[in-house]
Number of protein chains: 2
Amino acid sequence: MTVSPLARPFPEIAAVAGVRIGTACAGYKAWTRADTTLVAFDAGTTVAGVTTRSLCPSPEVEWCRANLPGGAARGLVVNSGNSNAFTGAGGAAASRAQVEQAAALLGCGAHEVFAASTGVIGVPLPQDKALAGVAAANAALGEASLLDLTNAIGTTDTFPKAAVAHAVVQGRRITIAGVVKGSGMIAPDMATMLGFVFTDAAIAAPLLQQMLRSICDETFNAITVDSDTSTSDTVLAFATGAARNEVLDAPDAPGADAFHAALRAVCRDLAHLVVRDGEGATKFIEVRVAGAADDRAAKVVALSIANSPLVKTAIAGGDANWGRVVMAVGKAGEVADRDRLSIAFGGVQVAAHGAVVPGYDEAPVATHLAGSEIEIDVDLGLGDGRATVWTCDLTHGYISINADYRS
Amino acid sequence: MTVSPLARPFPEIAAVAGVRIGTACAGYKAWTRADTTLVAFDAGTTVAGVTTRSLCPSPEVEWCRANLPGGAARGLVVNSGNSNAFTGAGGAAASRAQVEQAAALLGCGAHEVFAASTGVIGVPLPQDKALAGVAAANAALGEASLLDLTNAIGTTDTFPKAAVAHAVVQGRRITIAGVVKGSGMIAPDMATMLGFVFTDAAIAAPLLQQMLRSICDETFNAITVDSDTSTSDTVLAFATGAARNEVLDAPDAPGADAFHAALRAVCRDLAHLVVRDGEGATKFIEVRVAGAADDRAAKVVALSIANSPLVKTAIAGGDANWGRVVMAVGKAGEVADRDRLSIAFGGVQVAAHGAVVPGYDEAPVATHLAGSEIEIDVDLGLGDGRATVWTCDLTHGYISINADYRS
């Protein structure tokens, strides 16, 4: 597996106060790499989360959904190499046993331990390995860094992905650090994507949940690699409160704005990194739609463009085939008027008012498309609705990775 | 361009009485092949049609939509190599001029001449070439066969696609012959697909329209290659009445059932042929969904499976990755219960009631997936709704064809 040409270096991240990490090899596959992660949080840590909208979720997802309303977290267990999805009662029991063992080791209630698994669907999590793995990770608590954690939760990822931001809240410098895994089966409403955000800020769970939900809509739910949505997608945010700011408990609390901006920056960076590790990706594509009837319609049109295999293969080939963009607008099902539609690549107007612009010169567009950071602007000319989504091109690499992934 | 491994031989088709075909080279690209087709119909020919739901259609599509309610046809003009879509007022004027010239040559009203163009989007149809092409095709009327027509309307097609069926209507043997072009940008609600059906039966236009609309829903609108929908898709059916049966004018008219069955068979065969020429296809996939809340829900789930890049790449790799089928069911958005879901490949039960079947043996499934005719059955276990759709696998060939199509 070669590293994505769109990769970014792992950022410098100091440990987040109140968070201890341990990793171990449970051997979910025939490998010696760490595949089991246990994270321990100080007492008082709050939690928020967003999970896949899949109607066939894993038991881990169901467990998170059931316990997020409690708002309290002391532990997180992550398995890599086995998603434990669609594994019936046996898979659910194994996951439950692993969570209960983690709770016993951490000295907390099971409802304070969150869980996520990623990997092949349909193979029950082997309970003996899961229990041994979490015990070994517990024995190593405090020894692993965020980079170690990122490597331990990865599957087909070609590089470790993390982001960090700081904010000053009530005079105290707080840290927000996030990691993410995922490079395929990426689509709105979560993907085979696990994202974990850790902060030392003190923030009440309901406010954290409210912020995370709205931020997800414009970050993790605004990316797509292949339009497929996994059964296991989960984004969890943990706030230890170790920075000892006064607990943020309302959107207008002093410092809440700064925290929100930093959280949004981390989530947006993480979402972009997932696209940058899109399976087979060679180009990072930002699709901006303006002039739609409303923001919702703009996002539907933007995703229709971003999910179109013909648009994505054209970009892969460096082909300024804006006709395929017209096609994708036309099929989106939202109001469109061919004769008001304008399209630009890399800021160069290509089509306006239903036809190619007079004297269109393809040269600057071709130069833009030869690069690896692509911008597509579409103006529907109808209203004020706008949206931005991100995707990558569709290449031979995607086929190679997915035509024989399981073997 | 190598011929699709899923190709079928061109069938034996006698000419359809009342239909005369001429082809010519207008030179829409730098080639010498026929790219312009004129079809002349005897007086009294009725017509029905279904066009793309794209909101950015070509002027040819708009012309057909406007004139189909008239129900009368004397001519059909088809251009290949230039779709004339998104070409503004200039493209619309060129198409109109070509239609009017065809009407003058055929001695009929312009509203009795139908039009379709296929090829690159966004390049205005060159009016001088279009007029010269249709004049040359008119001079050759009667010289071309259905095979010639099929070759003249093709673009990235790797083999000519046609189907024929007969029915006995009121003691008279009638013929229904259809041709189709299209191998990419194929999705429900039409694709870059042009389908033309010719029959010598006598049938009133409203009844023909009613039959074609409902048949399209279970044939042309039940196939998908890449989920993309073109701006130009058109299926037209022309009935010359030369067989001199009493005009069919109601669903319960004598012989209407037999005609409907034959029309349905032709449309289904044509739809399957489009999938068999899917860009890069190496496997023909039938997806059957049963046990849904209703037929509509079943079709949504079936298309979610058939459009999933991860399912399609797994099939390409011969990988019995039924977990990806679970994923596609889960993301479809229709009611699903993980613990009632059953999945079979090639008639072999793989998963039932939310988990892999006890003692699952992958060998017979692997054998089935090594073939080129794949069957996927999904039972949602909820109700009586069912649907069948057809697609192909997603391979390196698709990427190669589409990453540099325009050049």
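User: Hi! Which strands of chain A does H4(A) lie across?
Analyst: H4(A) lies across S1, S2, S4 and S5 of chain A, at about 45° to S1(A). Helices (H or I, at least four residues) and strands (E, at least two) are DSSP runs, numbered from the N terminus. Axes are lines fitted to C-alpha atoms, for helices over the stretch in contact (heavy atoms within 4.5 Å), with angles from 0 to 180 degrees between N-to-C directions.

User: Anything I should know about the model itself?
Analyst: This is a predicted model, where local features need pLDDT of at least 70 and side-chain atom pairs count only at pLDDT 80 or more, while totals for chains, interfaces and linings use all residues. Residues are numbered from 1 along each chain as its sequence is written, chains are lettered from A and ligands numbered from 1 in the order in which they are written, and side-chain values use heavy atoms, leaving out hydrogens and water.

User: Back to H4(A): which of its residues are buried?
Analyst: In H4(A), residues 146–153, they are Leu146(A), Leu149(A), Thr150(A), Ala152(A) and Ile153(A). Buried means under 20% relative accessible area, with over 50% exposed and partly exposed in between (1.4 Å probe, protein chains only). Down the axis of H4(A), these residues fall within an arc of 165°, so they line one face of the helix. The arc is taken from the directions from the helix axis to the C-beta atoms.

User: And the sheet, what order do its strands have?
Analyst: It's an open sheet of four strands in chain A, ordered S1-S2-S4-S5, with mixed pairing. Two strands pair if DSSP finds at least two bridges between them. S1 (19–24) and S5 (113–120) of chain A are at the edges with a single partner strand each, so one side of each has no neighbour in the sheet. From one strand to the next, the twist averages 15°.

User: How do S2 and S4 of chain A pair?
Analyst: They run antiparallel, over five bridges. Leu38(A) stands opposite Val77(A) in S4(A).

User: New topic: which residues of H5(A) are buried?
Analyst: Ala205(A), Leu207(A), Leu208(A), Met211(A), Leu212(A), Ile215(A) and Cys216(A). They cover an arc of only 160° around the axis, which puts them on the same side of H5(A).

User: What covers them?
Analyst: The cover includes strand S3 (46–51), strand S10 (234–239) and helix H6 (256–276) of chain A.

User: What about chain B, where does S1(B) pair?
Analyst: S1(B) pairs with S2 (residues 36–41) of chain B, antiparallel over six bridges. Gly22(B) stands opposite Leu38(B) in S2(B).
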